[in-house]
Amino acid sequence: MTRVSAKGRYLAEHPFVSFVEALTWIAFADAMSHDHLLEQIAGHSSTEPLSAKDRLRSFFGSHDAKPADGPGTGYFENRERGLQRLADAWQQLREKAERGNLTVRGRYAHHFTRAEAAVADTTDLSRNVLATFSQFDVSTGGIRRQPEGSPDMLWRDHPDGFDREFDALGTDSCMADGYLFVEAERAGVVRCWPNPRGAPRMRQEDVMLWCENWIKSGKGNGMDKAWRDFHADPSHAGLSREDVFRPAWRKIKGI
């Protein structure tokens, strides 16, 4: 297998990788597991319910009582920006699959449950299938039909989440189905996105260490000046101030 040059997690060395790995690779050059993605978005470890009834029950039981108002972690410290990058990656992946440049597969579940999908046959989802099942469900890593006016991607605590689950459970049977255990062909992902976002990657810990050493060197403690020195280093060319440098600087400064 071709190993991709990046400082994030590599895509798993399998012919097919999970949809979440593919999307996070495209968005962040960091192939995250589903659990890791959910933890970063939520800002803490959490266990997502698996069935439609459990997901809907969670809205009644705790969604309104404990809204997610704190920041996420990692790429989602600015949750809105992180989610937008993930949504952009989903759109890019759909376009490649619909053009036949990337093979995607999954297991159909009439009631969108893992138990049902586990015994279903694997189906090719390339080309026009993703035009119908065009909503990425972050909670499960699966894809579903997209209601009119609903966004391309839903995550836990999204304002449209309750309506989506309510319609799927009882009032709109065509909204209940979808594909789970969705995967993308690894070779196709590497071929289409050999260097995601066209920029080198650095772990946040490495950027934080750079910031800490810069402050200790006596050069000052202002972010603007630090960013100029950081950006002037050729090895840091292409790294984003907002997505890479600022979150690390704020952590070091405790702000």
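This report covers aromatic contacts, two helices and the largest pocket of a predicted model.

Residues are numbered from 1 along each chain as its sequence is written, and side-chain values use heavy atoms, with hydrogens and water left out. Because the model is predicted, local features need pLDDT of at least 70 and side-chain atom pairs count only at pLDDT 80 or more, while totals for chains, interfaces and linings use all residues.

**Aromatic rings**

Rings of Phe, Tyr and Trp (its six-membered ring) pair if their centres lie within 6.5 Å; planes under 30 degrees apart count as stacked, over 60 as edge-to-face and the rest as tilted. The count comes to 15 aromatic pairs. One of them joins Phe230 and Phe245, a tilted pair with 5.0 Å centre to centre and 45° between the planes. Phe230 belongs to helix H10 (residues 223-232) and Phe245 to helix H11 (residues 241-253), so the pair ties together parts that are 15 residues apart in sequence. Helices are DSSP runs (H or I, at least four residues), numbered from the N terminus. Phe230 is buried (under 20% relative accessible area, 1.4 Å probe, protein chains only), at 0% relative accessibility; Phe245 is buried with a relative accessible area of 0%. Ring pairs also link Phe230 and Phe245 into a cluster with Trp210, Trp214, Trp227 and Trp249.

Two arginines sit over rings (CZ of Arg within 6 Å of the ring centre and within 35 degrees of the ring normal).

| Arginine | Ring | Distance to ring centre |
|---|---|---|
| Arg94 | Trp90 | 5.7 Å |
| Arg105 | Phe16 | 3.8 Å |

**Helices H1 and H11**

Ten of the ten residues of helix H1 (residues 19-28) are buried, so H1 is largely enclosed by the rest of the structure. Among them are Glu21, Thr24 and Trp25. Just after H1, Ala29 takes a positive phi of about 55°.

H11 has 13 residues, but its end C-alpha atoms are only 16 Å apart, short of the 18 Å of a straight helix; the expected span is 1.5 Å times one less than the number of residues. Its buried residues include Val244, Pro247 and Ala248. The cover over the buried residues of H11 includes helix H9 (204-216) and H10, by contact of heavy atoms within 4.5 Å. Gly254, which follows H11, has a positive phi near 70°.

**Largest pocket**

A pocket is an open set of points on a 1 Å grid over the protein atoms alone, where a 1.4 Å probe fits, with protein on both sides within 12 Å along at least five of seven lines; lining residues have an atom within 4 Å of a point. The volume of the largest pocket, the space filled by probe spheres set on the points, is about 770 Å³. Of its 33 lining residues, the closest to the centre are Thr73, Gly74, Tyr75, Gln204 and Asp243. Helix H2 (34-42), helix H4 (79-98), H9 and H11 each give two or more residues to the lining. H11 gives the most, with seven residues.

Key
Buried < 20%, exposed > 50% of the residue type's maximum accessible area, 1.4 Å probe, protein only.
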